[in-house]
Amino acid sequence: MVGKIIALRDMDNFSRRSSVYVDPECDKFFEMPLFIAASTTDMTTKCYCWQFSPGKEPALRSFTEIQQLLQQSKKRDVKSILRENSWPINSPIRAQLWPLLCAQHQTKQNMLEGFYWDMVHQVFGTTELSEKPIMLPAFVDPAHCITYHLTRTGRSVADRIVNVLGYDCPDITYSPVLYPITSILLHFMSEEEAYHCLASLVGSKEKVFIKQTKLQHEVTWKTVMQIAKKHTKNAVTYFQRICPGVKLERVFMDWCWWILAGLPFQHLVRIMDCYFHEGIKVLYRIALVIINLFHKECQSNNEWSPDNIKNDIGNALIKFCKKIPVSPSKLLHAAFSIRGLSSTYISRIFMKTEMILKSRSVLNNGGSKQLVKSRSSDNLPTSQSQVNIQMMSHTLTIREGEKSPGHRAVAMGVYPIHNLKSLVCSSEDLFTLWSWLPVRITMYQPVLLYTTEEHGCSLTTFYVRVEQHEPTLMMIKTCNNEVFGAYCSSRWFERNVKDDKGQRQAYFGTGETFLFSLYPERAKYPWVGIENEKDLGHASELFMAADSKMITIGGGEGQAIWMDENIRFGKTDSCKTFNNPPLCPTGDFEIRVLEVYGFDGA
């Protein structure tokens, strides 16, 4: 191994601040004093946090033995060794073992020496670590940036790694577990090695390690729930009985945080030994053991009595994990003793769950449903106009980013949108919406600029992809299936335009902006000034506003549409600009999908 092992008391000539990413506070992970190992042979810095026990260590398999077995493709033997060999958390083997295990899943062939630092320079313009905070990519969940006592420098390194990974792997749109795994890796290896490990796990084709979209994330926790109903039936039935007001789904949505946020670090490290070789099925097994253990404790330990946990069983599970009453070895032994939980079985449950979710999505978006009558039937497209649209639709298909300025349907003032595939609304709703657009805009080809399903949930990404386009059509589907949105007449870039005094204008846009609702009610809400020639005051002209924290459409005694910087939560009120009611009954809403369209050539 590169680098020397240096006792803390012998570090007079060694700068821990610049070379070690692990905070001294991490002593709480261990029972013995810590030693630090560091390598400063190049611009990368290894950061190890080890503890050395007195006395003779048990005979454990060496890195060389495991390396030889992998070279001989004896992966089953390696699996047994990883499960049975409880290397101490201080063991230096992981500095070599984990990169080796991850590398076997590598699919990219461009991971040459210096590749990571080239990417760092490309993304940040320098390889020097900035003292300023680094904005995290959209796929990171800020609520779960677990660092496991990394230093401030270590956290900055973790931030940089996930940013580069997001740049190199743009298909990742939602992956909250990436950051915690990055932090764990940095306890045992250099920044560059940690990146290569993550890239290998993300790109793995043979085994699944890290889910990378919201759909996959949802399918995963629902798969765990289905498996638990079969393999921990008594426990699940018990929890449903004592917590009748709590939906089981709410408990299992946090299943991965029982492990990553709850379990002690020494348990987590041993789990990672197996996870980096076998994949996510290891975490499934651990989750089942946690459920069973918690069930047993609930029946014998007053701390976890029904009265104490029934109001917040999800939080109680994580608290239980922090004090889990078994050793890492016993936890793993119990996990791998579960029978009938093969990879084939898990894959079958996963695929079935995924198919159900996708089919529901299709039905919700494209199926026929009885619609509430529109407030203004004059705005609805006639059956003849729909026929005209359909007659032209076979020649044109809308694809994300496709550019076809020469193909416009001038006839009858409408564009053929029959082939437009939206996750927010049905084709019938699209016909209605198209009839509400300004006539000149219907002659241009719509282009999908941004969708949370593909591009993640980030206002920064929203601006990058949308801000230079004018006009734009914004459609929102909430978690309660309400569908509404706005036609925005001006560029979102105008939020940066300054007035004569050098100050940014709070609101911008024109009276062509309008709101709409498609479900449960169809209605268009145009600017109040269109049919009113008298001066209605400043409140009637608050069309669009935006900054780094939010976007707003409509104002005056309320905001018609407001969304936060994570494009996750929003609210809707009546406002004077459009004289609209709240666009969803509750006022507050959680966003399931946001789609924004531009118009090519407009």
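Helices and strands here are DSSP runs, helices with at least four residues and strands with at least two, numbered from the N terminus. With that in hand, let's walk through this predicted model.

**The whole chain**

The protein chain holds 22 helices and 13 strands. It is 602 residues in length, and 53% of them count as buried. Look at contacts between residues with a separation of 6 or more: 72% of them link residues 24 or more positions apart. As for the outside, the accessible surface is about 28,800 Å², and carbon and sulfur atoms account for 49% of that.

**Two odd peptide bonds**

Here's a bit of background: most residues other than glycine have a negative phi, and most peptide bonds are trans. Now for some spots in this chain that go the other way.

Start with P471, which sits in the loop between α22 (459-466) and β5 (472-478). The bond joining E470 to P471 is a cis peptide bond, with omega at about -5°. Another cis peptide bond joins Y519 and P520, and there omega is about 10°. Where is P520? You'll find P520 in the loop between β7 (514-519) and β8 (523-525).

**Two positive phi values**

Y148 has a positive phi, near 50°, though it is not a glycine. To find Y148, go to the loop between α5 (115-124) and α6 (152-168). I567 also has a positive phi without being a glycine, and its value is near 45°. This residue belongs to the loop between β11 (561-564) and β12 (569-571).

Are these two residues buried or exposed? The cut-off for buried is under 20% relative accessible area. Y148 has 9%, so it is buried. I567 has 1%, so it counts as buried as well.

Here are the backbone angles side by side:

| Place | Feature | Angle |
|---|---|---|
| E470 and P471 | cis peptide bond | omega about -5° |
| Y519 and P520 | cis peptide bond | omega about 10° |
| Y148 | positive phi | phi near 50° |
| I567 | positive phi | phi near 45° |

**A pair of packed helices**

Two packed helices are described by the angle between their axes and the distance between the axes. Try that on helix α14 (residues 281-300) and helix α17 (residues 328-336): they pack at about 105°, and their axes are 8 Å apart. Because angles from 65 to 115 degrees count as roughly perpendicular, α14 is roughly perpendicular to α17.

Which residues of the two helices meet? From α14 come V282, R285, I286, V289 and L293, and from α17 come L331, L332, A334, A335 and F336. Nine residues of this contact are nonpolar, one is charged and none is polar.

**A buried glutamate**

F336 turns up again in the surroundings of E278, a residue of helix α13 (residues 265-278). Leaving out residues up to four places away in sequence, E278 touches K79, R83, K207, F209 and F336. What does the side chain of E278 make with the side chain of R83? The two side chains make a polar contact at 2.8 Å. E278 has a relative accessible area of 5%, so it is buried.

**One last stop**

S347 is part of helix α18 (residues 343-366). At 38% relative accessibility, S347 counts as partly exposed. S347 and T223 are 124 residues apart in sequence, while their C-alpha atoms are 9.2 Å apart in space.

Definitions and conventions: Residues numbered from 1 in each chain as written. Predicted model: local features only at pLDDT ≥ 70, side-chain atom pairs only at ≥ 80, totals over all residues. Heavy atoms only, no water. Axes fitted to C-alpha atoms, helices over the stretch in contact; angles between N-to-C directions. Parallel < 35°, antiparallel > 145°, perpendicular 65-115°, else oblique. Contact = heavy atoms within 4.5 Å. Nonpolar A, V, L, I, M, F, W, Y, C, P; charged D, E, K, R; others polar. Buried < 20%, exposed > 50% of the residue type's maximum accessible area, 1.4 Å probe, protein only. Polar contact = N/O pair within 3.5 Å; in protein donor to acceptor, adjacent residues only side chain to side chain. Areas by Shrake-Rupley, 256 points an atom, 1.4 Å probe, with all protein chains shown as cover.
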